[in-house]
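Take the model below and follow it from one charged pair outward. The route goes through the sheet, then a helix, then the whole chain.

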Amino acid sequence: AVFLLAYLVVLICSAMYHFRWSLRLKFFYLGNWWRMHQHRKQTDQTKFCFDAFVCYNQSDSHWVRKALVPQLENHACNPKLNLCLYERDWLVGHDIVHCITESIATSRKTLLIVTNAFAQSQWCHLEMTMAQHKVMDSDNDNVILAMMEDIEPINLNPRLALLMKRRTYLEWTEDADGQRLFWVKL
């Protein structure tokens, strides 16, 4: 019986050694499947207050209120989305950094409305950085980049340039067909 047990142990160990790379690959796939399964479970259980937190510069607030909000919250989007806008949804008197953190954490996505004014704003850069950190922390790609105009090279900081190089983004245009395509993609 001892000889048979020793023989089985040697046989199993040699088979594991012989198939070690394919076993590692199978365990890797199994681990990824398990992590994704757990992540999906957590995401499904997470209740978000907002569909998107909109990061934009104050000088672009007119376009956000007159074009973006009606398009996504009111009539054109089905189902209607619930946007988090700092002008409307932040509580007066609270710390701005806390409000940014809460807005990103309680929103499914973060929409960056990128203009030259956005690229020059330190607050917008902070919001962009915090949104990117959420991507790394949650392993969930939740940042949407909407380029509203060509960014002047003097306004383009390394973080924004890298973000524009690494991901696809939406581009706003004055062409009516281009705008319809923008809204459909968004």
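Start with R108 and D51. These two form a salt bridge, and their closest N and O atoms are 3.9 Å apart. A salt bridge here is a side-chain nitrogen of Lys or Arg within 4 Å of a carboxyl oxygen of Asp or Glu. The pair links distant parts of the chain: R108 sits in strand 3, D51 in strand 1, and 57 residues separate them. R108 is partly exposed, with a relative accessible area of 41%. D51 is also partly exposed, at 22% relative accessibility. Buried means under 20% relative accessible area, exposed means over 50%, and partly exposed lies in between (1.4 Å probe, protein chains only).

A note on the basis of these values. This is a predicted model, in which local features need pLDDT of at least 70 and side-chain atom pairs count only at pLDDT 80 or more, while totals for chains, interfaces and linings use all residues. Residues are numbered from 1 along each chain as its sequence is written, and side-chain values use heavy atoms, with hydrogens and water left out.

Now look at the strands that carry the pair. Helices (H or I, at least four residues) and strands (E, at least two) are DSSP runs, numbered from the N terminus. Strand 1 covers residues 50–55. Strand 3 covers residues 107–114. Five bridges join strand 1 to strand 3, and the two run parallel. Two strands pair if DSSP finds at least two bridges between them. F50 has S107 in strand 3 as its bridge partner. Further along, V54 stands opposite L111 in strand 3.

How covered are strand 1 and strand 3? Strand 1 is mostly covered, with five of its six residues buried. Strand 3 is mostly covered too, with six of its eight residues buried.

Strand 3 also pairs with strand 4 (residues 143–147). That pairing is parallel and has five bridges. T110 stands opposite V143 in strand 4. L111 stands opposite I144 in strand 4. L111 therefore has V54 opposite it in strand 1 as well.

Strand 1 in turn pairs with strand 2. They run parallel over two bridges. A52 has L83 in strand 2 as its bridge partner.

Put these pairings together. The result is an open sheet of five strands in the order 2-1-3-4-5, with parallel pairing. Its edges are strand 2 (83–84) and strand 5 (170–171), and each of these pairs on one side only. In a regular strand the side chains alternate between the two faces of the sheet.

Return to the charges. The structure holds five salt bridges. Side chains of opposite charge can pair when their charged atoms come close. E73 forms a salt bridge with R88, and the closest N and O atoms are 2.9 Å apart. This pair also links distant parts of the chain: E73 lies in helix 3 (residues 61–74), R88 in helix 4 (residues 86–89), 15 residues apart. E73 counts as buried, at 13% relative accessibility. R88 is partly exposed, with a relative accessible area of 40%. R88 has a second partner, D89, with the closest N and O atoms 3.3 Å apart. D89 counts as partly exposed, at 28% relative accessibility. Shared partners join E73, R88 and D89 into one network.

Follow E73 back into helix 3. Among the buried residues of this helix are W63, L68, P70 and E73. Helix 3 bends by about 40 degrees at L68, and a proline, P70, follows within four residues. The bend is the angle between axes fitted to the seven residues ending at a residue and the seven starting there. What span does helix 3 have between its end C-alpha atoms? It spans only 17 Å, whereas a straight helix of 14 residues would span 20 Å at 1.5 Å a residue. The expected span is 1.5 Å times one less than the number of residues.

Finally, step back to the chain. It is divided into domain 1 (1–43) and domain 2 (50–185). These bounds come from an automatic or database domain assignment. The C-alpha centres of the two domains lie 44 Å apart.

Confidence comes last. pLDDT is the predictor's confidence in each residue, from 0 to 100. The chain has a mean pLDDT of 83, and 90% of its residues reach 70 or more. Among the elements, helix 1 (residues 2–18) has the highest mean pLDDT, 91, and helix 2 (residues 20–45) the lowest, 70. Where pLDDT is low, the predicted coordinates should not be read in detail.
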